[in-house]
Amino acid sequence: MDSGEEVGVEAVPYCCSTSLALTTRKTRSLSTSSAASSSEYRRTQSLHGPSPVTTFGPKACMLQNPHAVMHIQDPASQRLTWNKPPKSVLVIKKIRDASLLQPFKELCMFLTEVKNMLVYVESKVLEDPAIAGDETFGAIIKKFCTFREDLDDISNRVDFIICLGGDGTLLYASSLFQESVPPVMAFHLGSLGFLTPFNFDTYQSQVTQIIEGNAAIILRSRLRVRVLKETREKKARVDEKSFIITNGDGEGSRKAVQYQVLNEVVVDRGPSSYLSNVDLFLDGHLITTVQGDGVIVSTPTGSTAYAVAAGASMIHPNVPAIMITPICPHSLSFRPIVVPAGVELKIMLSVDARNTAWVSFDGRKRQEVCHGDSITITTSCFPVPSICFRDPVNDWFESLSQCLHWNVRKKQNYLSSEEDEF
């Protein structure tokens, strides 16, 4: 961090945008029954631990610093409400999936004709011949607002987002918004669906409840990643013996690019047969050198993705933390670790690294990391407000059970009293 003021802003992993408010009013949660009472799923205790006592023994106490106090609403009471009625919605559909054509058309017709919503759709979605060639759907298409990724800015035009597909559609939605993210409602129409809790069968009643501001939400923290690259302009000349001699690196300006990452940042060895060799810094201090296939820096949401496949623990999204997981480390003692959400991590190639490394962000924007480049990672203050089907706790354990089959095994047979004697 460059200054104390920046630390104060970015140290808060869960902050709400101006277009989204959180309320503790008693309303019913989304469930299989639209008439279910709120008391059925509402928690009565905090998801945060109790406030610690700050006096220690008869004479010691914690030094009070009012500038370092963080006020975070209890995740158990985070619920969606609207400052103004929503008028626009972004519909994200998984590309090249024929099974999603009919749900996509039904949803768009419902939003435009029944709810009078302004629907935003990416241009390449409408290029599908099955959509463009549907004459009956043509009148609906004319009402759409279209955009192109990386060219059009829709950050201040969309009130909420509906995803049709798998977890990748939620990751893609996150990548479209580099600052404040509208609430996201994700329907399970893909392969795994760990992050997509809604079934499409009752989409009309579920979407209506969202428009009315009637749902629990979970704030999925993101990583703010800054990639700083050295400009490499080498001038070479050939000497009399035909050896190539470089005149040194150019003094060009350094190029910085910033990303918002929902799942993980992966640094790996790429196509090289050598181990990756990268230095890992925490708040400016070198904590270790990663020698192996690479390293994963993930959010709690990303802990159930690539990180868990590499041996990491699964962390509930409400836990403010950053997970560091090595990929096939060349050390038996290098285990995954969890660090506080407010720290700043930096990854650089080691001086004696035999090869370059490669980095990707939520599986996208893959690029090479060379000597002199740096990757700075910390928790972003712009989370993804993901709408819950029931509540943050029930939804997470339901996903663990249904998608990852967590702790699923055949039960041990019961011993009768006669067998117990032997």
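## A first look at the chain

What share of the 422 residues of the chain count as buried? The figure is 47%. Keep in mind that what you're looking at is a predicted model, so it pays to check the confidence before getting into the details.

Let's start with the overall make-up. The secondary structure consists of ten helices and 24 strands. If you take the contacts between residues at least 6 apart in sequence, 73% of them link residues at least 24 apart. The accessible surface adds up to about 22900 Å², and carbon and sulfur atoms account for 51% of that.

## How confident is the model?

Averaged over the chain, pLDDT is 83, and 83% of the residues get to 70 or more. Two stretches are another story. Over residues 1–39, pLDDT stays under 50, and the model has 100 contacts beyond four places in sequence for this stretch. Residues 234–251 also stay under 50, with 19 contacts of that kind.

## Two nonpolar cores

Now for the inside. The largest nonpolar core has 35 residues, and those touching the most other members are Phe 104, Leu 107, Leu 111, Phe 144, Ile 162, Phe 187 and Val 207. Helix 2, which spans residues 101–114, is the top contributor to this core with six residues.

Phe 187 is a good one to click on. Leaving aside residues up to four places away in sequence, its contacts include Ile 162, Cys 163, Leu 164 and Gly 165. Phe 187 also touches Thr 196, Phe 198, Asn 199, Phe 200, Tyr 203, Gln 206 and Val 207. There is a second, separate core too: it has 28 residues, among them Val 265, Leu 280, Ile 322 and Leu 345.

## Strand 6 and its neighbours

Which way do strand 5 and strand 6 run, parallel or antiparallel? Strand 5 (residues 88–93) and strand 6 are parallel, joined by three bridges. In one of these pairings, Ser 88 has Leu 118 of strand 6 as its bridge partner. Add helix 2 and you get a right-handed β-α-β unit, made of strand 5, helix 2 and strand 6.

On to strand 7, at residues 145–147: this strand pairs with strand 6 over three bridges, again in the parallel sense. Here Val 121 is matched with Thr 146 of strand 7. Strand 6 itself covers residues 118–122 and is mostly covered, with four of its five residues buried.

## Strand 11 and its partners

Next up is strand 11, at residues 223–229. Six of its seven residues are buried, which makes this strand mostly covered. Strand 11 runs antiparallel to strand 14 (residues 255–261), and seven bridges join the two. One pair to look for is Arg 226 with Gln 258, its bridge partner in strand 14.

Strand 11 is also joined to strand 23 (residues 374–379), by six bridges and in the antiparallel sense. For an example, find Val 225: its bridge partner in strand 23 is Ile 377.

## A mostly covered helix

How many of the ten residues of helix 6 are buried? Eight are, so to speak, tucked under cover in this helix, which runs over residues 167–176. The buried ones are Asp 167, Thr 169, Leu 170, Leu 171, Tyr 172, Ala 173, Ser 174 and Leu 176.

Definitions and conventions: Residues are numbered from 1 along each chain as its sequence is written. This is a predicted model: local features need pLDDT of at least 70, side-chain atom pairs count only at pLDDT 80 or more; totals for chains, interfaces and linings use all residues. Side-chain values use heavy atoms; hydrogens and water are left out. pLDDT is the predictor's confidence in each residue, from 0 to 100. Contact means heavy atoms within 4.5 Å. Buried means under 20% relative accessible area, exposed over 50%, partly exposed in between (1.4 Å probe, protein chains only). Two strands pair if DSSP finds at least two bridges between them. Accessible areas come from the Shrake-Rupley method with a 1.4 Å probe; for residues, only the protein chains shown count as cover. A nonpolar core is a set of buried Ala, Val, Leu, Ile, Met, Phe, Trp, Tyr and Cys residues joined through side-chain atoms within 4.5 Å. A crossover is right-handed if, with the strands pointing away from the viewer, the path from the first strand over the helix to the second runs clockwise.
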